[in-house]
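Visitor: I am new to this structure and would like a close look at a single part of it. Could you take me through the salt bridges, one after another?

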Amino acid sequence: MAKGSCLCNALQFEIAGPIQAIGNCHCSMCRKTHGAPYSTYAQIERDHLKVLAGEANLNRFSSSDPVTRSFCATCGSNFSFEFEGVPQAIWIAVGLLEDDPSLRPQHHMFTGSKASWHDITDDLPQHETYPPLPGE
Ligand SMILES: [Zn+2]
Ligand SMILES: [Zn+2]
C-alpha cells in the first residue's frame, strides 16, 4: 500500500492494491500540466484509490476528449489522469507518493511529441503514441 499527498497536504490518499504499470508520458499536455519534460503516472484499479482528504479541493480538467485530469486547487499538484475508454483504471502522478511504488517506469509513451530539449537516455521501450491499453 502506497500513501501520497499533494504539495500543500490538502490532498491525502492511499493506493490499497498493487500498482499495475508505470509509464513516462512525453505528450505536450503532460509536459504543460507538470511543467516538466514528461509525466510519470502509475496505473491502478480505480477501486484501489482511497482519497482520505481533499477530494472537494480537486479541480478537474478535460485536456482532450477522452482524458480528464485532476489537480489540487490550492497548490496545483497534478493528481490523476482518467481515460474515458478505461473506466476500471485510474492513473496517479507518481511524484505525489511518499512510499516507494515498488515498480519502476516500464516505458515511454508519446515520444513522437517529446520535448526537443529532452533526451531519453535509458533503454526502456518507446511508443510513438499510446502503449497497448490494459486488456489489449
Ligand atoms: Zn495541494
Ligand atoms: Zn501525456
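Guide: What follows is a walk through the salt bridges, with a word on how buried their partners are. Please keep in mind that this is a predicted model, in which a search of the whole structure finds 4 salt bridges. One of them joins the side chains of Lys-3 and Glu-14, with 3.5 Å from N to O; because Lys-3 lies in strand β1 (residues 2-5) and Glu-14 in strand β2, the pair ties together parts that are 11 residues apart in sequence. The two partners are placed as follows: Lys-3 counts as partly exposed, at 42% relative accessibility, while Glu-14 counts as buried, at 14%.

Another salt bridge is formed by Arg-60 with Glu-82, whose closest N and O atoms are 3.1 Å apart. Here Arg-60 belongs to strand β6 (residues 58-64) and Glu-82 to strand β8, so this pair ties together parts that are 22 residues apart in sequence. Arg-60 is exposed, with a relative accessible area of 54%, whereas Glu-82 is buried, with a relative accessible area of 11%, which means that the value for Glu-82 falls under the 20% limit for a buried residue. This pair does not stand alone, since Arg-46, Arg-60 and Glu-82 are linked in a network of salt bridges.

There is also a salt bridge in which the side chains of Arg-104 and Asp-100 meet, at 2.9 Å from N to O. Of these partners, Arg-104 counts as exposed, at 51% relative accessibility, and Asp-100 is partly exposed, with a relative accessible area of 47%.

Notes
Residues numbered from 1 in each chain as written. Chains lettered and ligands numbered in written order. Predicted model: local features only at pLDDT ≥ 70, side-chain atom pairs only at ≥ 80, totals over all residues. Heavy atoms only, no water. Helix = DSSP H or I, 4+ residues; strand = E, 2+ residues; numbered from the N terminus. Buried < 20%, exposed > 50% of the residue type's maximum accessible area, 1.4 Å probe, protein only.
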